[in-house]
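User: I'd like to learn how to read a ligand site from a set of coordinates. Can you walk me through one?

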Amino acid sequence: MEKIGKRFQGKVVIVTASTQGIGFAIAQRLGLEGASLVISSRKQKNVDEAVEKLKARGIEVLGMVCHVSDAQQRKNLVDKTVQKYGKIDVVVSNAAANPSTATILESKESVLDKLWEVNVKTAILLLQDASPHLTKGSSVIFISSIGGYNPASSMAMYGVTKTALLGLTKALATELAPNTRVNCVAPGFVPTHFADFITKNETMRKTIEGSTLLNRLGTTDDMAAATAFLASDDASYITGETLVVAGGVPSRL
Ligand code: NAP
């Protein structure tokens, strides 16, 4: 981790839902590689704590509250970024909700709406605000999931929204070419707060570990490294692609 390059020197990076877990690890990785960061999440306390941690590592960072479903807060996120740093080079769209374990046919309409809204629609709306400020050579990364390929029964509709991000990646790669590349990372299981209900259950954790070729869960740093690659100029001829980072778990639509 300490032997990393400086691929994001002079770059301005927005990562949504970035005060813990995968989003925080992505922000930290890009920050350590020289980026000026804009981090956010729903709770001010979480924002303040994450900003302190990043600053303690010498990273330039602006933090603010942004619930991705709040239009004013999304606009504020983009406006404050441009006011402070003058441009946007990378947007990592990482926020997601998984409010229910109901099957698809038993899901309430409010749950279906929330899944679509947080996991797909807000990613589009944020980019509508951000796209006028994206620089030539900029990059957008969506965070999907291995569940987008094989929706597990306990999180099936969540998985379907993550499948939608694979299509969104293709469609927006076309729409934003040639100035902006659009790619996607599909994580396997990573022990974060979000995945607690699965990874803290010993039997389930062992089953998941056994389903990977590498016999382990993923780490937030695994996801950060893949995201940093796709967002960087090392991936300058890659757009419209999804990189599955899931230890070899089968991924085929
Ligand atoms: P996490 O550790 O629970 O972190 C979630 C982060 O998002 C927190 O910083 C939280 O802070 C913020 N947040 C939650 N809802 C938000 C909202 N509506 N608007 C803005 N910020 C919000 O979750 P994670 O596991 O890192 O998940 C991150 C992404 O990875 C998600 O897209 C998820 O679908 C994907 N993913 C995760 C796994 C896994 O196994 N962990 C696997 C595949 C894909 P506040 O509480 O302050 O808002």
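User: In which pocket does the ligand sit?

Analyst: Keep in mind that this is a predicted model. Here the ligand sits in the largest pocket.

User: Which residues come nearest to the ligand?

Analyst: For a shell, you look for residues with a heavy atom within 4 Å of the molecule. In this model there are 27 residues around the ligand, and I22, S41, N94, Y158 and T192 come nearest. Helices α1 (21–32) and α5 (156–176) each supply at least two residues of that shell.

User: How many nonpolar, polar and charged residues does the shell have?

Analyst: Sorted by class, you get twelve nonpolar, twelve polar and three charged residues.

User: What about polar contacts with the ligand?

Analyst: The general idea is to look for pairs of N or O atoms within 3.5 Å. A polar side-chain atom of Y158 is 2.5 Å from a ligand oxygen, and the side chain of K43 has an N or O atom 3.1 Å from an oxygen atom of the ligand. V68 uses its backbone instead: an N or O atom there lies 3.1 Å from a ligand nitrogen. As for cover, the ligand taken alone exposes 890 Å², and the protein buries 94% of that.

User: Now for T212: is it buried or exposed?

Analyst: The cut-off for buried is under 20% relative accessible area. T212 has 7% relative accessibility, so it counts as buried. You'll find T212 in the loop between α7 (202–211) and α8 (220–231), where its side chain reaches the backbone nitrogen of N215 at 2.8 Å.

Notes
Residues are numbered from 1 along each chain as its sequence is written. This is a predicted model: local features need pLDDT of at least 70, side-chain atom pairs count only at pLDDT 80 or more; totals for chains, interfaces and linings use all residues. Side-chain values use heavy atoms; hydrogens and water are left out. A polar contact is a pair of N or O atoms within 3.5 Å; within protein, one must be able to donate a hydrogen and the other to accept it, and residues adjacent in sequence count only if both atoms are side-chain atoms. Accessible areas come from the Shrake-Rupley method with a 1.4 Å probe; for residues, only the protein chains shown count as cover. On a 1 Å grid over the protein atoms alone, a cavity is a set of points where a 1.4 Å probe fits but cannot get out, and a pocket is an open set with protein on both sides within 12 Å along at least five of seven lines; lining residues have an atom within 4 Å of a point. A molecule sits in a cavity or pocket if more than half of its atoms lie within 2 Å of its grid points. Helices (H or I, at least four residues) and strands (E, at least two) are DSSP runs, numbered from the N terminus. Ala, Val, Leu, Ile, Met, Phe, Trp, Tyr, Cys and Pro count as nonpolar, Asp, Glu, Lys and Arg as charged, and the others, Gly among them, as polar. Buried means under 20% relative accessible area, exposed over 50%, partly exposed in between (1.4 Å probe, protein chains only).
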